[in-house]
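Here is a short report on one protein chain. It moves from the overall fold to a single helix and the surface around it.

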Amino acid sequence: MFRTLSRRQMLRRAILFSGLLLFPVVQNYFSPYLIIDGAFQGILNGSALVFLGLFLSSLVFGRAWCGWVCPAGRTPT
């Protein structure tokens with residue numbers, strides 16, 4: 001009934017769990033509203049840099065963020 005997880009899946013689970021714990025700290029960096037608010041004030045804020053970094057890394061690594069690092073990702077069962 002119980003199956004053992006590979007090292008890769010254990011690493012993924014640890015990354016997801018730490019992301020879950022850190023989510024209240026970094027939730028403002030995932031807010032698209034802050035990008036618009038900063039643009040009206042002429043400011044390039046951290047949220048825009050995070051989204052730009054996610055976009056550029058997706059060109060190279062594909063959906064690595066969604067599948068491996070995103071704190072809202074599904075943990076393996």
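Accessible areas here come from the Shrake-Rupley method with a 1.4 Å probe. On that basis, the chain exposes about 6,300 Å². Carbon and sulfur atoms supply 69% of that area. The model is predicted.

**Fold**

The chain has four helices and zero strands. Along the sequence, the pattern reads α-α-α-α. Of the 77 residues, 16% count as buried. Take the contacts between residues at least 6 apart in sequence: 48% of them join residues at least 24 apart.

**Helix α3**

Helix α3 covers residues 46-61. How does the span of α3 agree with its 16 residues? The expected span is 1.5 Å times one less than the number of residues. The table sets out both values.

| Span of α3 | Value |
|---|---|
| Expected at 1.5 Å a residue | 22 Å |
| Between end C-alpha atoms | 21 Å |

The two values agree. Just after α3, G62 takes a positive phi of about 70°.

**Nonpolar patch**

Which residues make the nonpolar surface patch? They are L44, L49, L52, F55, L56, L59, V60 and F61. The patch measures about 900 Å². One of its members, L56, lies in helix α3. Is L56 buried, exposed or partly exposed? Buried means under 20% relative accessible area and exposed means over 50%, with partly exposed in between. L56 has 45% relative accessibility, so L56 counts as partly exposed.

Key:
Residues are numbered from 1 along each chain as its sequence is written. This is a predicted model: local features need pLDDT of at least 70, side-chain atom pairs count only at pLDDT 80 or more; totals for chains, interfaces and linings use all residues. Side-chain values use heavy atoms; hydrogens and water are left out. Patches are made of residues with over 30% relative accessible area and no salt bridge: like charges are joined within 9 Å, nonpolar side chains (Val, Leu, Ile, Met, Phe, Trp, Tyr) within 5 Å. A salt bridge is a side-chain nitrogen of Lys or Arg within 4 Å of a carboxyl oxygen of Asp or Glu. Helices (H or I, at least four residues) and strands (E, at least two) are DSSP runs, numbered from the N terminus. Buried means under 20% relative accessible area, exposed over 50%, partly exposed in between (1.4 Å probe, protein chains only). Contact means heavy atoms within 4.5 Å.
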